[in-house]
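Me: I'm in my first year and still learning to read protein models. Could you take a close look at one part of this one for me, the disulfides, and then show me what sits around them?

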Amino acid sequence: MSLSQTMRGVSIFFGALLACGLGLLLPVAAQPPESEPGEPPKRVAIRFLTESDFPPFNYIDEDNALTGFNVDIARAICLDLNAACDIQVRPWADLLPALKKGEADAVIASHTANPSLLKQVDFSDPYYFTPARFAARRSLSELDITPEGLEGMRIGVAKRTAHEAYLRAFFRDSSIRAFETPELARDALVTGAVDLLFDDGVSLAFWLNGTASKACCELRGGPFAEPKYFGDGIGIAVKREDTQLKGLIDTALRRIRQSGRYEELLLRYFPLRVF
């Protein structure tokens, strides 16, 4: 064998060895976590949007931190899915447009999954409802909160609302007193101008716990949640084509309920159970 042939063989050997060594040293690109068989694909991170002026659902607290029921539900979802959670604040009007532009993965800001919005985005399964409730003066005797039980009773309600429409459809034998605003209807209950008030259960609960009610009144009867009047519930908005994320969020919401975490958060923000 000639010297040139020997040198050529050595060069090939060391070249192959160097290539193998480099292959061992080159970093491997990070891959998303693999899913277990039968489980939906995983997400490394979920980018949520909300707004900051709707307590107790989403708001800035006294320590200048974003908090609220919606915010904690988003964090619980991320924890359940073992995903990083990025929650950013935008003005209400910018939330869904930002989602559709791809600037976020989901919006959690108490949007109702109504037909109009469903043309633009998709929604998770509902994670809470906003039922209607009756409130009555504490001095009022016990009543059967049914159309028959409230026959002849004076019921205050805000004009041109789903609550007024519901009363006129089902409580026709009651004396329905419609007011221009919910605040005027509440004032009428405080002063005794009406016997009961029919309104959104969440806002009623906060009014009853606040100073404006003067501790006059209490919730009576159970929630009224007919979808025709009060909607199909509140969901988390996702892009229409992102069926994977919708499935992940639905699964996480189900597991959060089963674990008791949902009930814990609910009672933290709503000591008076309204939904």
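Reply: Here is a walk through the disulfides, followed by the parts of the chain that connect to them.

Keep in mind that this is a predicted model. The protein chain has 275 residues, and buried ones make up 41% of them. It contains ten helices and 13 strands. Among contacts between residues at least 6 apart in sequence, 68% join residues at least 24 apart.

Now for the cysteines. A disulfide is a covalent bond between the sulfur atoms of two cysteines. How many disulfides does the count come to? The answer is two. If you number the bonded cysteines in sequence order, the pairing reads 1-2, 3-4.

Let's start with the pair formed by Cys 78 and Cys 85, whose sulfur atoms are 2.3 Å apart. The cut-off for calling a pair a disulfide is within 2.5 Å, so a distance of 2.3 Å qualifies. The torsion about the S-S bond here is about 65°, so this disulfide is right-handed. Are its two ends buried or exposed? Cys 78 has a relative accessibility of 2%, so it counts as buried. Cys 85 has a relative accessible area of 33%, which makes it partly exposed.

The other pair is Cys 216 and Cys 217, with sulfur atoms 2.1 Å apart. Its S-S torsion is -95°, and that link is left-handed. Here both cysteines are buried.

Next, look at what surrounds the Cys 78 and Cys 85 pair. Helix α2 covers residues 69–81, and Cys 78 forms its disulfide with Cys 85. Helix α2 has a partner, helix α10, which covers residues 261–269. The two axes come within 10 Å and cross at roughly 160°. Angles over 145 degrees count as roughly antiparallel, and α2 and α10 are therefore roughly antiparallel to each other. Their crossing is right-handed. Where do they meet? On the α2 side you'll find Phe 69, Asp 72, Ile 73 and Ala 76. On the α10 side there are Arg 261, Tyr 262, Leu 265, Leu 266, Arg 268 and Tyr 269. Sorted by class, this contact has seven nonpolar, no polar and three charged residues.

Now move to the surroundings of the Cys 216 and Cys 217 pair. Strand β12 covers residues 217–224, and Glu 218 is in it. Glu 218 is partly exposed, with a relative accessible area of 25%. Leaving aside neighbours within four places in sequence, Glu 218 is in contact with Phe 134, Ala 135, Ala 136, Arg 138 and Leu 208. Take Ala 136 from that list: Glu 218 and Ala 136 are 82 residues apart along the chain, yet their C-alpha atoms are separated by 5.6 Å.

Ala 136 turns up again in another set of contacts. Asp 195, in the loop between α6 (182–191) and β11 (196–200), touches Ala 135, Ala 136, Arg 137, Leu 140, Met 153, Arg 154 and Leu 189, not counting residues up to four places away. Asp 195 has a relative accessible area of 14%, so it is buried. That gives you Ala 135 and Ala 136 as residues touched by Asp 195 and also in contact with Glu 218.

Also in this stretch of the chain is Lys 214, in the loop between α7 (201–209) and β12. Lys 214 counts as exposed, at 65% relative accessibility. Its phi is near 55°, a positive value in a residue other than glycine. Here is some background: most residues other than glycine have a negative phi, and most peptide bonds are trans.

With that in mind, which other places are worth a look? Ser 110, in strand β6 (residues 106–112), also has a positive phi, near 65°. Ser 110 counts as buried, at 12% relative accessibility, whereas Lys 214 is exposed. As for peptide bonds, a cis one joins Pro 55 and Pro 56, with omega about 0°. You'll find Pro 56 in the loop between β2 (53–54) and β3 (58–60).

To pull it together, follow the two links once more. The one between Cys 78 and Cys 85 is right-handed, and the one between Cys 216 and Cys 217 is left-handed. From the right-handed link you can go on to α2, roughly antiparallel to α10; from the left-handed link you can go on to Glu 218 in β12.

Technical notes
Residues numbered from 1 in each chain as written. Predicted model: local features only at pLDDT ≥ 70, side-chain atom pairs only at ≥ 80, totals over all residues. Heavy atoms only, no water. Buried < 20%, exposed > 50% of the residue type's maximum accessible area, 1.4 Å probe, protein only. Axes fitted to C-alpha atoms, helices over the stretch in contact; angles between N-to-C directions. Helix = DSSP H or I, 4+ residues; strand = E, 2+ residues; numbered from the N terminus. Parallel < 35°, antiparallel > 145°, perpendicular 65-115°, else oblique. Left-handed = near helix turned anticlockwise from the far one by under 90°. Contact = heavy atoms within 4.5 Å. Nonpolar A, V, L, I, M, F, W, Y, C, P; charged D, E, K, R; others polar.
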